[in-house]
Amino acid sequence: MKKIKPEQPKDRIILALDVDTIEDVIKYVDLLKDYTGFFKVGLQLFTSCGYEAVDVIKEHGGKVYFDGKFLDIPNTVAQSCINLMKKGIDFFSISAVGGSKMMETAVQECRDYAKKNNMELPVILGVTLLSSFGQKTLTNELGVEANISKYVLRLSEIAKSSGLTGVVAPDTDSKQIKQELGEDFTVICPAVRPTWAIVNDQIRIVSPSAAIKSGADYMIIGRPITHAVDPVAAAKLIIAEIDEALKGIEAV
């Protein structure tokens, strides 16, 4: 399976392009491609602009992370993953809540397609739990009695045993995931907010520095950069914070 490793502090940033137009895609990619590792194409952008958004990001020098969080019967998810591969997307997510059969089928079908077409197996990540969820939602609404951190770790264990490259998980769980599943198991931290940014609609938020110190390899950041008065300046501040956190870890 293809491996992804950040080489520079900026490479750790996955910029969420939660916009509705190709014009906005072009604007942000041209403005920020030198200050970010990947551009996230999620449901909002994809349902508005489709694969054109992916093509435009690549044409303008950016790299794509497709965050579809696929959750369906195994065959449907597997074929959807293959469709992403056909479009040249090699870094994407499915929902770990779909269970081992769904994830294993997706990995196997992608492996077979990659072998047949002389391609690398894509980076497939399992989304553990939405950052808008808290313990109350997990227990009172979904009926899951387990502690939220234990639940996330369990989903991560199933994702790894199913053949996934890594998971999307909160920083509070990143350290334990790394300890239990190994440093090579990729962890992406969502809901990253610098201390100077507005929280918005997410509950389990974290600063870039805390994400790095917890062991996250990558972090998803959107509005703190895209909604800033000066997006480049905001990105530079975050890069500096990441760099400082990395140096602090190296000095220990």
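**Exercise 1.** In this predicted model, work out whether Glu-59 counts as buried or exposed, then find the charged patch it belongs to.

*Solution.* Start with the accessibility: Glu-59 comes out at 64% relative accessibility, so it counts as exposed, given that the cut-off for that label is over 50%. Next, place it in the fold: Glu-59 sits in helix H3. Now look at its charged company: Glu-23, Glu-52, Asp-55 and Glu-59 make up a negative surface patch. Finally, ask who supplies most of it: helix H3, covering residues 51-59, gives the largest share, with 3 residues.

**Exercise 2.** Classify the ring pair Tyr-65 and Phe-91, and say which strands it ties together.

*Solution.* First, the setting: the whole structure holds 6 aromatic pairs. For this one, the ring centres of Tyr-65 and Phe-91 are 4.7 Å apart and the planes meet at 40 degrees, so call it tilted; that label covers whatever is neither under 30 degrees nor over 60. Then the sequence step: Tyr-65 belongs to strand E3 (residues 64-70) and Phe-91 to strand E4 (residues 91-95), so the contact joins parts 26 residues apart in sequence. Both Tyr-65 and Phe-91 are buried. To finish, widen the view: ring pairs link Tyr-65 and Phe-91 with Phe-38 and Tyr-218 into a cluster.

**Exercise 3.** Do the geometry again for Phe-66 and Phe-70, and decide whether they are buried or exposed.

*Solution.* Take the distance to begin with: the ring centres of Phe-66 and Phe-70 lie 6.2 Å apart, inside the 6.5 Å pairing limit. Then the angle: the planes are at 50 degrees, so this pair is tilted. As for cover, both Phe-66 and Phe-70 are buried.

Conventions
Residues numbered from 1 in each chain as written. Predicted model: local features only at pLDDT ≥ 70, side-chain atom pairs only at ≥ 80, totals over all residues. Heavy atoms only, no water. Patch = residues over 30% accessible without salt bridge, like charges linked within 9 Å, V, L, I, M, F, W, Y side chains within 5 Å. Areas by Shrake-Rupley, 256 points an atom, 1.4 Å probe, with all protein chains shown as cover. Salt bridge = Lys/Arg side-chain N within 4 Å of Asp/Glu carboxyl O. Lys, Arg positive; Asp, Glu negative; His and termini not counted. Charge placed at Lys NZ, Arg CZ, Asp CG, Glu CD. Helix = DSSP H or I, 4+ residues; strand = E, 2+ residues; numbered from the N terminus. Buried < 20%, exposed > 50% of the residue type's maximum accessible area, 1.4 Å probe, protein only.
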